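Please open the structure in a viewer and keep a selection tool at hand. The tour below proceeds from the whole chain to individual side chains.

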Amino acid sequence: MNVEWLGRQSDRIVELVGWHILLSLVPIVVGVIVALPIGWLAHRNRRINPYVVGTAGLLYTIPSLALFVLLPPILGTKILDPMNIIVALTIYTVAMLVRVVADALDSVPQETVLAATAMGYRPYQTLLKVQLPVGVPVICAGLRVAVVSNVSLVSLAALLGIPQIGSLFTQGFQLRFYTPIIAGIALSLLLALVLDLLIVLANRLLTPWTPKVVTS
């Protein structure tokens with residue numbers, strides 16, 4: 001490890017980390033917004049559930065690099081436009097979370113839903129005030145997987161010249177210089193860990209009724 005090189009490149013590395021966070025988290029936010037109604041629809045209509053969930057699963061099998069290349073002519077963007085990465089990872093996030101949302105809503109006891117209906121809750125009120133809060137642990141578990149996956153997949157965008165942590169890998173390979181490669185791996189792991197911990201914290205804050213593990 002060349003610590004001196006890291007010091008000289010610190011400003012650029014911070015910029016790359018910032019881009020990596022942006023390209024990883026924007027698809028998560030948009031993906032959750034899109035996946036919630038689709039997952040709810042799959043939960044409500046059992047006949048279309050296999051088709052919705054199955055189609056989402058097929059979307060996730062599309063090779064990421066191929067999708068990065070195919071999106072520019074479809075979206076009318078340039079190959080170096082970060083929007084291509086955001087759209088591609090949003091597709092993957094939706095594909096992963098549709099099943100998660102459906103499973104989360106399925107995990108809510110039917111008695112709880114019936115009780116909410118008996119209290120006069122309309123379907124959308126039951127969803128927002130009962131089903132989603134109860135299903136938060138399942139959704140957060142899926143989000144943890146999606147976030148780690150996005151942090152990893154964003155690195156592939158470096159092959160197209162889009163700046164983020166993956167750029168350190170391509171730089172290191174081209175120069176046969178291992179310091180940026182090691183730094184990139186460490187930063188990717190650290191970023192994934194921090195985002196994962198934030199989701200765990202959010203889960204605890206959103207589910208204060210869940211029992212806490214007490215150690216002696």
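What follows is a sequence of selections, each with a description of what is found there.

**The whole chain**

Begin with the full chain, bearing in mind that this is a predicted model. Colour by secondary structure: the protein comes to nine helices and zero strands. From the N terminus on, the order of elements is accordingly α-α-α-α-α-α-α-α-α. Aligned on its principal axes, the C-alpha trace spans about 65 × 55 × 20 Å. Of the 216 residues, 40% count as buried. Among contacts between residues at least 6 apart in sequence, 73% join residues at least 24 apart.

**The nonpolar cores**

Next, select L97, V98, L143, V147, V151 and L168. Within the largest nonpolar core, which has 33 residues, these touch the most other members. Helix 2 (10-44), helix 3 (49-60), helix 5 (82-106), helix 7 (123-154) and helix 9 (178-206) each supply at least two residues of this core. Which helix gives the largest share of this core? Helix 5 does, with ten residues. As general background, nonpolar side chains in soluble globular proteins tend to be buried together.

Centre the view on V98. Not counting residues up to four places away in sequence, V98 touches A35, I38, G39, V52 and A56. Then move to a second, separate core of 14 residues, which includes F68, I86, L160 and I162.

**The loop before helix 5**

Select L80, in the loop between helix 4 and helix 5. Residues up to four places away in sequence aside, L80 touches L160, G161 and I162. Of these contacts of L80, L160 and I162 are included in the second core. For a distance check, choose the C-alpha atoms of L80 and T170: they are separated by 16 Å, and the two residues are 90 apart along the chain.

**Helix 4 and its surroundings**

Select S64, which lies in helix 4 (residues 64-75). Is S64 buried or exposed? Its relative accessibility is 12%, so S64 counts as buried, the cut-off being under 20%. Leaving aside neighbours within four places in sequence, S64 is in contact with Y92, L153 and L156. Y92 appears again in the next section.

**The aromatic pairs**

Show the rings of the aromatic side chains. How many aromatic pairs does a search of the whole structure find? It finds two. A pair of aromatic rings is described by the distance of the centres and the angle of the planes.

Select W5 and F177 for one pair. The arrangement is edge-to-face, at 5.6 Å centre to centre with 85° between the planes. W5 lies in helix 1 (residues 3-8) and F177 in the loop between helix 8 (166-175) and helix 9, so the pair ties together parts that are 172 residues apart in sequence. W5 counts as buried because its relative accessibility is 8%, whereas F177 is partly exposed, with a relative accessible area of 23%.

Now select Y60 and Y92 for the other pair. These rings are also edge-to-face, with 5.4 Å centre to centre and 75° between the planes. Y60 belongs to helix 3 and Y92 to helix 5, so parts that are 32 residues apart in sequence are tied together. Y60 is partly exposed, with a relative accessible area of 33%, whereas Y92 counts as buried at 3% relative accessibility.

**The two pockets**

Finally, turn to the open spaces. The largest pocket contains about 360 Å³ of space. To find it, select V32, I139, C140, L143 and L206, which lie nearest its centre among 18 lining residues. Helix 2, helix 7 and helix 9 give two or more residues to this lining, and helix 7 gives the most, with seven residues. How do the lining residues of the largest pocket divide? They comprise 18 nonpolar, no polar and no charged residues. L143 was also selected earlier, as one of the residues that touch the most other members of the largest nonpolar core.

For the second largest pocket, about 220 Å³ in volume, select H43, R44, V113, T126 and Q131. Of the 14 residues in its lining, these lie nearest the centre. Two or more lining residues come from each of helix 2, helix 5, helix 6 (110-118) and helix 7. The lining of the second largest pocket divides into six nonpolar, five polar and three charged residues.

Terms used. Residues numbered from 1 in each chain as written. Predicted model: local features only at pLDDT ≥ 70, side-chain atom pairs only at ≥ 80, totals over all residues. Heavy atoms only, no water. Helix = DSSP H or I, 4+ residues; strand = E, 2+ residues; numbered from the N terminus. Buried < 20%, exposed > 50% of the residue type's maximum accessible area, 1.4 Å probe, protein only. Contact = heavy atoms within 4.5 Å. Core = buried A, V, L, I, M, F, W, Y, C linked by side-chain atoms within 4.5 Å. 1 Å grid on protein atoms, 1.4 Å probe; cavity = no way out; pocket = protein on both sides within 12 Å on 5 of 7 lines; lining within 4 Å. Points joined across faces, edges and corners; volume = space filled by probe spheres on them. Nonpolar A, V, L, I, M, F, W, Y, C, P; charged D, E, K, R; others polar. Phe/Tyr/Trp six-rings, centres within 6.5 Å; stacked < 30°, edge-to-face > 60°.
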